[in-house]
2 protein chains.
Amino acid sequence: MPRIGLSRDRLVEAAAKLADEHGFDKLTLAALARHFAVKLASLYSHVKNSDDLKTSVALFALSELADRADEAVAGRAGKDALVALANVHRNFAREHPGLFEAARFRLDATSAAVSGGARLSRTTQAVLRGYALTDTDCTHAIRLLGSFFLGFPVLESAGSFSHSQPEAEASWSRSLNALDALLRGWALP
Amino acid sequence: MPRIGLSRDRLVEAAAKLADEHGFDKLTLAALARHFAVKLASLYSHVKNSDDLKTSVALFALSELADRADEAVAGRAGKDALVALANVHRNFAREHPGLFEAARFRLDATSAAVSGGARLSRTTQAVLRGYALTDTDCTHAIRLLGSFFLGFPVLESAGSFSHSQPEAEASWSRSLNALDALLRGWALP
DNA sequence: GATATATCCTAATGCAATTAGGTATCTACA
DNA sequence: TGTAGATACCTAATTGCATTAGGATATATC
């Protein structure tokens, strides 16, 4: 039998695709083996187990998200940067629903430390430099923005906004306007 | 063999407890059967299948959350009501991590319509009456708040805030202050 | 061309989900 | 109180995923 040329990277890449197509929760080693027309046990030469694969997909997702964020923010500042960063999250969630789910996969502390999550946090911090906040307020603002960047796409893709008018799009840009104003006036009560 | 007296309600209640103890994703019919010292197949007299159980737990969670919201908001208005509603979400997420996860379980349209989710949305709307918004802006604000009420506890319980100072608590109250100010000045640019 | 590595395999085990069909227990009514 | 029917719980069987042990062979290196 000829060898198909599997590798850890090819597996993770294909797993990411499967997650986007069928949902991260439906991602199984068995499905991945079928995708490569290979026996399930063969995957264990490349990944430790199912959790190892999912962790790798999660790290891939966070890294991808952080890449996009860095690219989007480069050369922008103030509200312009804020909107760009926000749209990275929302667009990522729409284009890669499985990876967006994966990004919320529970990581152990060591994985989390080297993940794109930390980089994303730094990028958000950089965006906030346009708003003249104290260090502490900057942390608060990162957390507020992070919550919104996560929560809105989650609710939107869950369909929570699809049963009422107006379009989610309008709420998105209106909310970003409001958050921009909020950040500009953060120091005030 | 004596009968143990199972019922759909007892199963859902126990499933909710198991979800809180071990995580909603670890909730299985097999674990539930073990909990009642009953054979796995016996559960099928009371629930249709695994998905049916999880859906019921999700509806239970949403209903519980909506109950708490209604209770917390009663007799309050303005910022007082806003903070009370926000804390309902955060406290629920901390006291019932499994149920909070369950509340994000994908529901079909008909289940979603009768779920506590719709009620929660109405309660949020009621809280916003203290802020003199147009109907459209009210919808935008509901979505913004909903995103934050979901996103912050998710990130907090994922440990995303535990590797930096200050405490999440401070960011929470600071963010609520900011959101209150935002809502009061919503009409302004 | 020989050898070593690693890739992919077969085989076996355990656990979760589901279905079919049986038995015994509870309940309600005569 | 005794019996009939409903149903609560069971056994048994099938399927699918995860995991491990150990074997065979394609491929790379020398």
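Guide: A residue is near a DNA strand if one of its heavy atoms lies within 4 Å of that strand. Keep that cut-off in mind. This is a predicted model.

Visitor: Which residues are closest to DNA strand D, and how many surround it?

Guide: 21 residues surround DNA strand D. The closest are R3(A), S50(A), R3(B), I4(B) and S42(B). Now apply the cut-off to the DNA atoms. Of the atoms of strand D within 4 Å of the protein, 61% belong to sugar and phosphate.

Visitor: Which helix gives the largest share of the surface near strand D?

Guide: Helix α2 of chain A, residues 29–35, gives three residues. For DNA strand C, the largest share is also three residues, from helix α2 of chain B.

Visitor: What makes the pair of A30(A) and strand D a polar contact?

Guide: A polar contact is a pair of N or O atoms within 3.5 Å. A backbone N or O atom of A30(A) lies 2.9 Å from a phosphate oxygen of strand D. That distance is within the cut-off, so the pair is a polar contact.

Visitor: What part of S42(B) lies 2.4 Å from a phosphate oxygen of strand D?

Guide: A polar side-chain atom of S42(B). On strand C, a polar side-chain atom of Y44(B) lies 3.0 Å from a phosphate oxygen. A backbone N or O atom of K39(A) lies 2.9 Å from a phosphate oxygen of strand C.

Visitor: Why are the two copies said to be related as by a two-fold rotation axis?

Guide: Chain B is superposed on chain A by a rotation of 180 degrees, with 0.0 Å of shift along the axis and an RMSD of 0.1 Å. The copies are therefore related as by a two-fold rotation axis. In chain B, the C-alpha nearest this axis is that of G151(B), 2.1 Å away. The same surface serves both copies, as 97% of the contact residues of chain B recur in chain A.

Visitor: What describes the packing of α9(A) and α9(B)?

Guide: Two packed helices are described by the angle between their axes and the distance between them. For α9(A) and α9(B), the angle is about 115 degrees and the axes are 10 Å apart. Their crossing is right-handed.

Visitor: What class are the residues in the contact of α9(A) with α9(B)?

Guide: The contact is made by A178(A), L179(A) and L182(A), with A178(B), L179(B) and L182(B) on the other helix. Ala and Leu count as nonpolar. The tally is therefore six nonpolar, no polar and no charged residues.

Definitions and conventions:
Residues numbered from 1 in each chain as written. Chains lettered and ligands numbered in written order. Predicted model: local features only at pLDDT ≥ 70, side-chain atom pairs only at ≥ 80, totals over all residues. Heavy atoms only, no water. Least-squares fit on C-alpha atoms with pLDDT ≥ 70 in both. Contact = heavy atoms within 4.5 Å. Polar contact = N/O pair within 3.5 Å; in protein donor to acceptor, adjacent residues only side chain to side chain. Helix = DSSP H or I, 4+ residues; strand = E, 2+ residues; numbered from the N terminus. Axes fitted to C-alpha atoms, helices over the stretch in contact; angles between N-to-C directions. Left-handed = near helix turned anticlockwise from the far one by under 90°.
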